[in-house]
Amino acid sequence: MRAAAGARAVDRVYISTDSERLKEIGRRHEARLINRPPHLATKQALGEDAYVHGYRVIRDELLREGKDVELMVLLFANAASVTSEQIDEGVAVLRDHPDFDSAVTVSCYNMWSPLRARRVGPDGLLEPFVPFETFGDPATLNCDRDSQGDVWFADMGVSIVRPRCLDNINEGLLPQKWMGRKIYPLRQWGGLDVDYEWQIPLVEFWLRARGIEPA
């Protein structure tokens with residue numbers, strides 16, 4: 001919310017939640033509240049469905065005011081690796097390139113290349129998660145993690161999307177369908193969404209490296 005509020009290109013900040021604690025945090029940051037329905041507030045609910053619900057609430061609110069949505073800046077509560085400057089950069093890119101569907105932050109993690117991914121097979125032993133043939137002739141592959149080129153992951157810091165991406169959510173690319181199909185990378189380092197407690201110090205390091213301290 002601080003990053004969104006500090007971005008020059010953002011006109012309104014909203015928080016979608018069913019949590020009274022988070023609603024109070026939102027009020028402190030002067031965010032508008034979207035009451036998330038119970039079926040979108042479970043562990044099984046998909047983020048894309050919450051985004052579509054929130055977008056429709058905002059779209060209808062603006063329609064009543066005689067306005068429309070130009071762009072949506074989508075943020076996850078557990079992905080704090082985002083700055084106001086990144087948001088403004090992404091908005092500028094989309095304004096300059098009307099054919100782009102979205103602009104999203106990405107981080108380079110070659111150590112997690114799909115070539116190195118494994119899963120446990122039926123015999124209890126490790127096997128390639130993706131068949132090596134997917135990457136070319138297995139005889140030409142090597143153990144250098146950089147040999148297949150840089151591997152960029154959407155780090156969930158920010159997704160700036162056009163309304164058409166949310167109006168036509170099922171046409172977007174997996175696994176983040178809200179990004180559409182023509183996705184511009186906002187490159188950074190170290191971005192991630194927090195799913196485990198051990199990741200919190202990483203995000204704190206990321207924020208402090210950019211001069212961002214707790215409010």
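At the start of helix H2, which covers residues 20–28, a side-chain oxygen of Ser19 comes to within 3.3 Å of the backbone nitrogen of Arg21. This detail, like every other one described here, belongs to a predicted model. At the other end, H2 is followed by Glu30, whose phi is positive, near 60°. Glu30 is not a glycine, yet it has this positive phi. The residue sits in the loop between H2 and strand E2 (32–35). Is Glu30 buried or exposed? With a relative accessibility of 73%, Glu30 counts as exposed, because the cut-off for that label is over 50%.

A step back shows the whole chain. The protein contains six helices and eight strands, and along the sequence these follow the pattern α-β-α-β-α-β-α-β-β-β-β-α-β-α. The C-alpha trace spans about 60 × 35 × 35 Å along its principal axes. Of the 215 residues in the protein, 37% are buried. The accessible surface amounts to about 13,200 Å², and carbon and sulfur atoms account for 53% of it. As for charge, there are 27 positive and 33 negative side chains, with the centres of the two sets 4 Å apart. Among contacts with a separation of 6 or more, 63% are between residues 24 or more positions apart.

What lies inside? In soluble globular proteins, nonpolar side chains tend to be buried together. The largest nonpolar core of this model has 20 residues, and those with the most contacts inside it are Ile58, Val69, Met72, Leu74, Val161, Leu166 and Trp178. At least two residues of this core come from each of helix H3 (47–64), strand E3 (72–74), strand E4 (102–108), strand E7 (152–161) and helix H5 (163–167). Which of these elements gives the most to the core? It is H3, with five residues. Leu74 offers a good place to look more closely: leaving out residues up to four places away in sequence, Leu74 touches Tyr51, Val158, Ser159, Val161, Leu166 and Trp178. Apart from this core lies another, of 18 residues, including Ala4, Ala7, Val91 and Val93.

Polar residues can be followed in the same way, starting with Gln188. This residue is placed in strand E8, residues 183–188. Gln188 has a relative accessibility of 10%, so it counts as buried, the limit for that label being under 20%. Where does its side chain find a polar partner? A polar contact of 2.6 Å joins the side chains of Gln188 and Gln86. Gln86 is one of several residues around Gln188: not counting residues up to four places away in sequence, Gln188 also touches Ser81, Thr105, Val106, Ser107, Cys108, Trp152, Asp155, Trp206 and Arg210.

Two of those neighbours, Trp206 and Arg210, appear again around Thr83. Thr83 is found in the loop between E3 and helix H4 (84–96), and with a relative accessibility of 10% it counts as buried. Once neighbours within four places in sequence are set aside, Thr83 is in contact with Ala3, Trp206, Arg210 and Ile212.

A second glutamine, Gln199, lies in the loop between E8 and helix H6 (200–209). Is Gln199 buried or exposed, given that it lies in a loop? Its relative accessible area is 9%, and therefore Gln199 is buried. A polar atom of the Gln199 side chain lies 2.8 Å from the backbone nitrogen of Tyr196. Beyond its neighbours within four places in sequence, Gln199 is in contact with Leu192, Asp193 and Val194.

The backbone holds two further details. Met156 has a positive phi of about 70°, although it is not a glycine. This residue is found in strand E7, one of the elements that supply the largest nonpolar core. At 9% relative accessibility, Met156 counts as buried, whereas Glu30, with its positive phi of about 60°, counts as exposed. Finally, the peptide bond from Leu174 to Pro175 is cis, with omega near 0°. Pro175 lies in the loop between H5 and E8.

Technical notes: Residues are numbered from 1 along each chain as its sequence is written. This is a predicted model: local features need pLDDT of at least 70, side-chain atom pairs count only at pLDDT 80 or more; totals for chains, interfaces and linings use all residues. Side-chain values use heavy atoms; hydrogens and water are left out. A nonpolar core is a set of buried Ala, Val, Leu, Ile, Met, Phe, Trp, Tyr and Cys residues joined through side-chain atoms within 4.5 Å. Buried means under 20% relative accessible area, exposed over 50%, partly exposed in between (1.4 Å probe, protein chains only). Helices (H or I, at least four residues) and strands (E, at least two) are DSSP runs, numbered from the N terminus. Contact means heavy atoms within 4.5 Å. A polar contact is a pair of N or O atoms within 3.5 Å; within protein, one must be able to donate a hydrogen and the other to accept it, and residues adjacent in sequence count only if both atoms are side-chain atoms. Accessible areas come from the Shrake-Rupley method with a 1.4 Å probe; for residues, only the protein chains shown count as cover. Lys and Arg count as positive and Asp and Glu as negative; His and the chain ends are not counted. The place of a charge is taken as NZ of Lys, CZ of Arg, CG of Asp or CD of Glu.
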